[in-house]
Every structure is written in structure tokens, then in C-alpha cells.
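User: Please take a close look at one part of this model, the open sheet, and describe how it is put together and what lies around it.

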Amino acid sequence: MTELTFRYVALTDTGLRRTANQDSGFASNRLLVIADGMGGAAAGDLASSETMHVIRKLDGNLEGDPLEALAGAVLRANDRLGELIAEDPAVEGMGTTLDALLWDGKKFAMAHIGDSRAYRLRGGKLTQISDDHTFVQSLVDEGRLSPDEARHHPHRSLILRALLGRDDNDPDISTVEAKLGDRYLLCSDGLSDMVEDHVIEATLAAETIDLAATELIRLALEGGGYDNVTVVIAEMVEADAPVDESLSSANGQPQLVGAAAGQPRPRTGQTGLSGSDAGSRSEDVPAKPLDPEEVRYMPRPPSSRRWLRWTLALLVLAAILGGIGKVTYDWTQKQYFVATDNGKVAIFRGVQAEIPGLKLQHVDTVTTIDVTTLQKFQQKQVRAGIEASSHKDAQDIVANLDQFVTPKPAPTPTPTPTKTPTTKKTSAAIRSTDAQRVERS
Ligand code: CA
């Protein structure tokens, strides 16, 4: 059997709408990795780069079973995120997608979590070899949405699984058998959202992988460039094939790009290959009201802690009895939360505590959002009340919820009773993930 190795390239671009790059990409002759961070400006960078730093330690001497080595590294990366969140609660909610291909000389071990994608181009035909851990993919698996509808669905970026520093988000681990001539592409949703699969298929077949990488990024920018876009490409060649000096990997050095490289690519209007990616970070423009990346992974930190409310109620009561009632009452009236008012989502001023004879809360704004049009887990969150740190935060929570409203009732999607065991298994897995999330909220 022919001994194989591969050529590689990693390339990223901040895109046309973002001011920072939260993607990280890595490629070497052993390891291919992509991580797309989420959770707000600084935290997304942190999640993706820290994960990358842990995973790329695999790019040393590989000992033992590659699947175990990779699974272990993913666990360590997840633990690392957990530590960071414990150290600084401000980054709670940050997370990252991850796709990693680890080469053992014969085959790849693959880890996948989130909605970044792994594709294989073999004999001119493109196949996605990762399953999107997304809300829309779960609908596709259940036969309630066509892949094309999923592509244009308003909630297509909602992820059901990502590395979040907790212990309930396992990656898919598998083995990928490679053949001579195969090309592998790992990409963030900044590519797959902007460029359709048939275009990716044609482009990935370019004369060289470096040309393919440059062209894919160009197409993503041309398609709108709404998001950071990162591609990591490998091409399987014979182990004794001569080095192609025209390629960026000809020097044999690993390539690290994006957030993990600490040099987010400035928006220059042109793309180049990694390695020549020096340059300063572009000036940040004032933050937009709601960064869609912040809501990619939906569950917010748990907010309906009943004991907290009771403690609060007791404190308020004690303060009133203790004669500092006015100050305390005024404080409660500077607090906000989102809950329901006659079936509509509403912003309340005050605290969610009950003291007989004293009104500690009143409706500030009633929105037009009908609670029943929200996703189930959100309905539960809203009914329990979501605490907000300010009026602005409460408005952001509402704007966030508004993005997930489903027009009701949804009469059309006739659930085609797909009988294949695979489909059933996938949906069940996703449902159980969903259920866990509801429990946590
Ligand atoms: Ca992204």
C-alpha cells in the first residue's frame, strides 16, 4: 500500500463586517484544526485560541491510539475553558466549535463539535464528513426541513453543541480513511454560510490547495463576508512525492492563523496566505446593539435561582424593618428582568421577590412577542424570569428572544416518517441534549 502524507494550508480572514477574528486555524503535516469562538468580542477570541493552544500540542510525538489522544486533548481543552470561566465569570457563556484531524501515518482521527465543517473531496465529489450540531440540522434529521430550507433558516446559526467548559458537551470522535488524491477542507461557518456546497466542490478542486484556499476566502467575501472565514485544507500525496516549492507548506512549518495567532487579520480588502499575515488589529468600531455571535449558543447563565429570590426578599424585608426601607426600595427599582405579562414577553422594573403588601416590581415595557412562539426552553426561561443587569441588558435579552420566534402554528412541515435508524438516533441524541439544556435553565 502506498504510504501517504499530505500538503496543507491554513488561511483566515476577518470578513467584511466583523472587527475581530474569533476563528483559529492550524495546519501541519500531522494535524489540521479549526475552532470558531463565540460568546462576545473578547471571550470568543479566548475560547477559540485557548482551545487551539491545547489541541495543537498533539502536533508533537504521537503516542498510543490517535483516537484516544485526540479525545483526551479535546477533554483538556474543555477543562481549560472551564478553568477560565471559573477564574473570570465575565467570560461565562463563551465557547467554541472544534474540528480536528490527527494523522497517524495511515488514517485520521477526527473530532468534531459545533457547526464548523469537515469536507472531503474525492474523485471530484464533495462530501461533508461532519454533522452540524445545529438546531436546523436537527429539524432536517427529523424530516421537518429540507437542507435548502435549513440553509436559509433565520436560526441556522443556533448551535446545540459546542465546547463550553462544561462536562455535558462531548464531541463526535471518528476515524477517517484517506486515499491518495483526497482533499480535506475544514472551515468555519463564515465559508459554508456564504458559499454553496457545489461551489466549494468546484473551488476545492483548484490546481493547488493554496489557490483553492485563496479562492474560497475570496468567494466568502464576495458572498457578503458577514463572518470571520477560515479554511484549513489538506491534500493527500505519496509520502515520497517531491516537495512542491510553490506551496506555502513547502517549508514544512506549521501554520497558525486567526485568534490563536494573536494577530487577527486586519481588513485589508485583499487576502494573502498565512505566514505573511502580520499587521495590526483594525480599530474597533462602536459595538452594535446585539452581536449575533453572542446568541449562537442560546442558553444564558442560569438566572432563575429561587433561593436567591427568597434571600433577596428577606433582605429587602429586613432592610425595611430596619429603617433603611427607602434606600433599599429605590435600589430594587433600578433592577430589571424579563418575564411574561398576559402571555407576552415583557420587561419588568424591580426585583422578582414577593413581600406581602409591597409591590417590588412593575411592568416597564410589554413587547409584541407571544411567549408561545418561542422555543420551548426559552418559554421556560421567560416564565421563570430572566434577570437583567440593566435596562439595556433587558432590551438585549428581548432582542435575542425575538430572533428565535417561530411563526405559529407551523402547519406545513409534514413530518415525513423517515424510518432509517440513523435518523432516529440523531434526533433522539439532539432531543436529549435539548432536554438537558432545559433542565439547566
Ligand atoms: Ca463563525
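Analyst: Strands β10 (residues 183-187) and β11 (residues 229-238) pair in the antiparallel sense, over five bridges. Within this pairing, L186 has V232 in β11 as its bridge partner. Note that the model is a predicted one.

The two strands belong to an open sheet of five, which runs in the order β1-β11-β10-β7-β8 with antiparallel pairing. At its edges are β1 (4-13) and β8 (125-128), each of which pairs on one side only. On average, neighbouring strands of this sheet are turned by 20° against each other, direction ignored. Helix α7 (residues 209-222) packs on the sheet and touches β1, β10 and β11. The direction of helix α7 makes about 30° with that of β1.

Next, the metal site. The calcium ion is coordinated by OD atoms of D36, D189 and D227, with D36 contributing twice, at 2.3 to 3.1 Å. Along the chain, the donors follow the spacing D-x152-D-x37-D. D36 lies in strand β3 (residues 31-38) and D189 in helix α5 (residues 189-192), so this pair ties together parts that are 153 residues apart in sequence. Both D36 and D189 are buried.

One further residue can be placed in a helix: L317 lies in α8 (residues 306-321). L317 is partly exposed, with a relative accessible area of 33%. Y329 is twelve residues from L317 along the chain, and the C-alpha atoms of the two are separated by 9.7 Å.

Conventions
Residues numbered from 1 in each chain as written. Predicted model: local features only at pLDDT ≥ 70, side-chain atom pairs only at ≥ 80, totals over all residues. Heavy atoms only, no water. Donors = N, O, S within 2.8 Å, 3.2 Å for Na, K, Ca; no water. Helix = DSSP H or I, 4+ residues; strand = E, 2+ residues; numbered from the N terminus. Buried < 20%, exposed > 50% of the residue type's maximum accessible area, 1.4 Å probe, protein only. Pairing = 2+ DSSP bridges. Axes fitted to C-alpha atoms, helices over the stretch in contact; angles between N-to-C directions. Contact = heavy atoms within 4.5 Å.
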